[in-house]
Amino acid sequence: MTKAVETKKVVVQTIADKFGSAASVVVVDYRGLNVAQLTELRKQLREAGVEFKVYKNSMTRRATEMHGLEAINEHFTGPNAIAFSNEDVVAPARIINDFAKKNEALEIKAGVIEGVVSSAEDIKALAELPSREGLLSMLLSVLQAPVRNFAATTKAVADQKEEQEQGA
């Protein structure tokens, strides 16, 4: 085999490994963004621990086939960039969605959420979910409500008995 073919195989395997280990992947069309905008997007993603790469579409298609994600291949046309997140499922979707609201040139094409190919609408819906901390605080308030109600009821009963004793 030629050196070029060997190099391409290594790149395809690298991309496949990224798809295999990623908690979420977001594919975007970045046409129309200038260098400063792209640099800002990369910076925001890097700060969240998200890797943002540009690969040849043909190599990316081969890599997705290795993981049974062929359904996403229809989106690998034109210039694409891919955001890979190994830990936070929501981070790449949220950062890219927020950035796309300010920069209409950035288009979310599709993604993979925990091994399932997802549409652009699914990615946007994921981005709109509250953060993990927000969800935990909502859960905590739901769990506290019955205790709060019980405490208020107990206090009301105690106050009522106290009034009855004072009145008697």
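Author: A salt bridge is a side-chain nitrogen of Lys or Arg lying within 4 Å of a carboxyl oxygen of Asp or Glu. The model discussed here is predicted.

Reader: With which residue does R31 form a salt bridge?

Author: Side chains of opposite charge can pair when their charged atoms come close. For R31, the closest N and O atoms of the pair are 2.8 Å apart, and the cut-off is 4 Å, so the contact qualifies as a salt bridge. The partner is buried, with a relative accessible area of 6%. That partner of R31 is D29.

Reader: How many salt bridges are counted by this rule?

Author: The pair of R31 and D29 is a salt bridge, and K101 also forms one, with E128. By the rule stated at the outset, the count of salt bridges comes to five.

Reader: The side chain of E51 meets that of K18 in a salt bridge; how many residues apart are the two?

Author: The N to O distance between the side chains of E51 and K18 is 2.7 Å. The pair links distant parts of the chain, with E51 in strand 2 and K18 in helix 1 (residues 3-21). Their separation along the chain is 33 residues.

Reader: Is K18 buried or exposed?

Author: Its partner E51 has a relative accessible area of 29% and is partly exposed. The relative accessible area of K18 is 16%, and buried means under 20%, so the class follows directly. K18 is therefore buried.

Reader: Which elements of secondary structure are linked by the salt bridge of K101 and E128?

Author: The closest N and O atoms of K101 and E128 are 3.1 Å apart. This pair, too, links distant parts of the chain, its members being 27 residues apart. K101 is exposed at a relative accessible area of 52%, whereas E128 is partly exposed at 48%. The elements linked are helix 4 and helix 5.

Reader: Which element gives the most residues to the largest nonpolar core?

Author: The largest nonpolar core has 26 residues, and V26, V28, L41, F52, I96 and L106 have the most contacts inside it. Several elements each supply at least two of its residues, including strand 1 (24-29), helix 2 (35-47), strand 3 (80-85) and helix 5 (120-128). The element that gives the most, with six residues, is helix 4.

Reader: How many residues has the other core, which includes V12 and F19?

Author: This core lies apart from the largest one. Its members include V12, I15, F19 and A63. Its size is 17 residues.

Reader: Which residues does F52 touch, leaving aside those up to four places away in sequence?

Author: F52 is one of the residues with the most contacts inside the largest core. Not counting residues up to four places away in sequence, F52 touches V28, L38, L41, R42, L45, A81, I82 and A83.

Reader: Is S85 buried or exposed?

Author: S85 is found in strand 3. Beyond four places away in sequence, S85 touches A22, A23, S24, V50 and P92. Its relative accessibility is 1%, and the class of S85 is therefore buried.

Reader: Which residue of strand 4 is the bridge partner of S24?

Author: Strand 1 and strand 4 pair in the antiparallel sense over six bridges. Strand 4 is mostly covered, with six of its seven residues buried. A residue of strand 4 that also has V116 of strand 5 as a bridge partner is the partner of S24, namely I113.

Reader: Which residue takes a positive phi in the hairpin of strand 4 and strand 5?

Author: Strand 4 and strand 5 (residues 116-119) run antiparallel and are joined by four bridges. The hairpin has two residues between the strands, and the one in question has a phi near 50 degrees although it is a residue other than glycine. It is exposed, with a relative accessible area of 60%. The residue is E114.

Reader: What is the accessible area of the surface patch formed by L136, L139 and L143?

Author: L136, L139 and L143 form a nonpolar patch. L139 lies in helix 6 (residues 132-167) and, at 44% relative accessibility, counts as partly exposed. Together, the residues of this patch have an accessible area of about 280 Å².

Key: Residues are numbered from 1 along each chain as its sequence is written. This is a predicted model: local features need pLDDT of at least 70, side-chain atom pairs count only at pLDDT 80 or more; totals for chains, interfaces and linings use all residues. Side-chain values use heavy atoms; hydrogens and water are left out. A nonpolar core is a set of buried Ala, Val, Leu, Ile, Met, Phe, Trp, Tyr and Cys residues joined through side-chain atoms within 4.5 Å. Buried means under 20% relative accessible area, exposed over 50%, partly exposed in between (1.4 Å probe, protein chains only). Contact means heavy atoms within 4.5 Å. Patches are made of residues with over 30% relative accessible area and no salt bridge: like charges are joined within 9 Å, nonpolar side chains (Val, Leu, Ile, Met, Phe, Trp, Tyr) within 5 Å. Accessible areas come from the Shrake-Rupley method with a 1.4 Å probe; for residues, only the protein chains shown count as cover. Two strands pair if DSSP finds at least two bridges between them.
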